[in-house]
Amino acid sequence: MNVWSRRLRRFAIGLLGPVVAIGFALALSAVILKISGHDPWQAFRAMYDYGKTRASIISMLNRSIPYYITGLAVAIGFKMNLFNIGVEGQYRLAAVIAAWAGAAVKFPAPIHVLFIIAVAAAVGASLGGITAILKVTRNVHEVITSIMLNTISTGLAAYLLAAHFAQKNKPGDLIIKTKEIPESGWFPSLNGLLSRIGIELPIGSNLQGFIVVAVLLGVAYYFLVWRTRFGYDLRASGINPFAAEASGVDPNRMVVTTLLLSGGVAGLAGLSQVLGFFHRYTIDFPTGLGFTGIGIALLGRNHPVGIAFGSLLFAFLERSAQVLDLEGVPKEIVVIMQGVMILSIVIAYEVVHRLVEIQERKAVVEATHEAPPGMEVAAA
């Protein structure tokens with residue numbers, strides 16, 4: 001079997017896990033709907049019909065941006081077998097500080113936007129750095145540190161917003177929020193570009209331009225992990241840290257760098273809302289994006305393309321669930337589907353891992369048998 005055939009087989013086996021997870025989630029959701037007295041086909045058809053409208057597609061793309069970024073942040077840690085569960089706190093604290101800082105300064109448009117992005121990345125990276133330092137100096141597991149930092153970060157964000165960053169509202173306005181960022185700090189939407197190429201959006205729809213940043217992050221993640229020496233050391237440390245250390249890789253340096261990168265990317269997850277929608281941080285800011293990113297990274301097998309599909313799928317489910325109330329179907333069925341997908345993919349991962357190991361052993365045996373006399377040891 002040649003190299004390309006083996007790669008194609010491994011790709012097919014790797015794709016099997018997410019496909020099985022999605023199929024099982026749909027099947028289980030259908031059973032639950034049937035037991036509760038609803039028609040599964042009617043519910044799924046209503047979700048599909050509503051989700052394929054142009055307004056829903058724009059909403060789905062906007063929703064997928066923070067999901068994709070948090071998925072990338074989690075995946076960076078996963079590639080080195082590190083579990084950065086602190087993405088939730090990292091992006092929320094980064095968003096509130098970046099929004100406050102962006103409203104406090106005045107720069108020309110491009111510099112203003114870059115300043116806000118830099119502040120958010122720095123805040124996220126600093127929280128990741130705390131986790132890294134405690135791990136390499138005190139051997140504190142990153143899950144323990146990062147999950148505790150989630151509580152600290154969200155509490156600190158709430159305190160800063162209420163006590164220091166909130167603007168003085170007009171009488172009757174009870175929503176706590178920071179001052180509005182000047183227009184020079186807004187990230188432009190893609191509506192104008194789409195209009196120029198003949199794509200007219202529904203009234204009220206606004207495709208956030210930060211999707212471009214998300215795509216660039218995905219491209220950068222791919223080249224960093226799969227096309228650089230650092231990425232090779234990162235993956236090697238995740239597969240076998242002892243062998244990587246024996247080959248000259250400094251494990252402590254890799255842990256610190258990886259968690260700094262993961263935290264820095266996580267800090268950008270809230271900026272699509274800050275720069276493209278609210279133009280400030282408010283008490284209504286989306287929460288739970290970091291925990292959703294964990295499931296998306298698992299579903300996408302830590303690959304930027306897979307994470308993109310996972311983000312779009314979760315965004316589609318959330319958007320299309322809005323029509324279920326009109327059909328008399330509880331929209332919580334979508335939450336069940338998402339949870340089942342995450343649980344299923346964890347199980348499917350282990351199955352796929354074992355299948356890949358079997359395929360690799362077969363490949364070694366085939367290479368040994370196909371090798372010329374005297375070369376069996378070298379082939380093995």
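Student: In this predicted model, what is the N to O distance in the salt bridge between the side chains of R63 and E318?
Tutor: The model is predicted, so the distance is a computed one. A salt bridge requires a side-chain nitrogen of Lys or Arg within 4 Å of a carboxyl oxygen of Asp or Glu. R63 and E318 meet that rule, with an N to O distance of 3.5 Å.

Student: How many residues apart are R63 and E318?
Tutor: R63 sits in helix α3, which covers residues 54-78. E318 sits in helix α14, residues 304-320. The pair therefore links distant parts of the chain, and the separation is 255 residues.

Student: Is R63 buried, partly exposed or exposed?
Tutor: Buried means under 20% relative accessible area, and exposed means over 50%. R63 has a relative accessible area of 25%. Its partner E318 has 26% and is partly exposed. R63 falls between the two cut-offs, so the class of R63 is partly exposed.

Student: What separates R229 and D233 in terms of helical turns?
Tutor: The side chains of R229 and D233 meet in a salt bridge of 3.1 Å, N to O. An α-helix has 3.6 residues a turn, so residues three or four places apart point the same way. R229 and D233 are four residues apart in helix α9, so the separation is about one helical turn.

Student: Which class does D233 fall in, buried or exposed?
Tutor: R229, the partner of D233 in the salt bridge, is exposed at 58% relative accessible area. D233 has a relative accessibility of 8%. The cut-off for buried is under 20%, so D233 counts as buried.

Student: Which residues are linked with D49 in a network of salt bridges?
Tutor: The side chains of D49 and K52 meet at 3.9 Å, N to O. D49 is partly exposed at 30% relative accessible area, and K52 is partly exposed at 47%. The network that holds D49 also includes K52 and R45.

Student: How many salt bridges does the count come to?
Tutor: The pairs described above include R63 with E318 and R229 with D233. D49 with K52 is one of the bridges too. By the 4 Å rule, the count comes to seven.

Student: Which helix supplies the largest share of the nonpolar patch on the surface?
Tutor: The patch is formed by L16, V20, I347, V351, L355 and I358, with about 490 Å² of accessible area together. Helices α1 (3-35) and α15 (333-370) each supply at least two of these residues. Four residues come from one helix, and that helix is α15.

Student: Is I347 buried or exposed?
Tutor: I347 is found in helix α15 and belongs to the nonpolar patch. Its relative accessibility is 57%. The cut-off is over 50%, so I347 counts as exposed.

Student: Which helix gives the largest share of the lining of the largest cavity?
Tutor: The structure holds one cavity of 30 Å³ or more, and the largest cavity has a volume of about 30 Å³. Its lining consists of G86, G89, Q90, L127, T131, S146, L149, N150 and S153. α4 (87-104), α5 (109-138) and α6 (142-165) each supply at least two of them. The largest share, four residues, comes from α6.

Student: How many charged residues are in the lining of the largest cavity?
Tutor: Two residues of that lining are nonpolar. Seven are polar, a class in which Gly is counted. The number of charged residues is zero: there are no charged ones.

Student: Which helix supplies the largest share of the lining of the second largest pocket?
Tutor: This pocket has a volume of about 330 Å³ and is lined by 16 residues, of which M80, K135, P241, P251 and V255 lie nearest its centre. Its lining has nine nonpolar, five polar and two charged residues. α5, α9 (229-239), α10 (241-246) and α11 (251-266) each supply at least two lining residues. The largest share, four residues, is from α10.

Student: How many residues of helix α13 are buried?
Tutor: Helix α13 spans residues 289-299 and is mostly covered. Among its buried residues are L289, G290, I294 and L299. Of its eleven residues, the number buried is ten.

Terms used:
Residues are numbered from 1 along each chain as its sequence is written. This is a predicted model: local features need pLDDT of at least 70, side-chain atom pairs count only at pLDDT 80 or more; totals for chains, interfaces and linings use all residues. Side-chain values use heavy atoms; hydrogens and water are left out. Patches are made of residues with over 30% relative accessible area and no salt bridge: like charges are joined within 9 Å, nonpolar side chains (Val, Leu, Ile, Met, Phe, Trp, Tyr) within 5 Å. Accessible areas come from the Shrake-Rupley method with a 1.4 Å probe; for residues, only the protein chains shown count as cover. Buried means under 20% relative accessible area, exposed over 50%, partly exposed in between (1.4 Å probe, protein chains only). On a 1 Å grid over the protein atoms alone, a cavity is a set of points where a 1.4 Å probe fits but cannot get out, and a pocket is an open set with protein on both sides within 12 Å along at least five of seven lines; lining residues have an atom within 4 Å of a point. Grid points are joined across faces, edges and corners, and a volume is the space filled by probe spheres set on the points.
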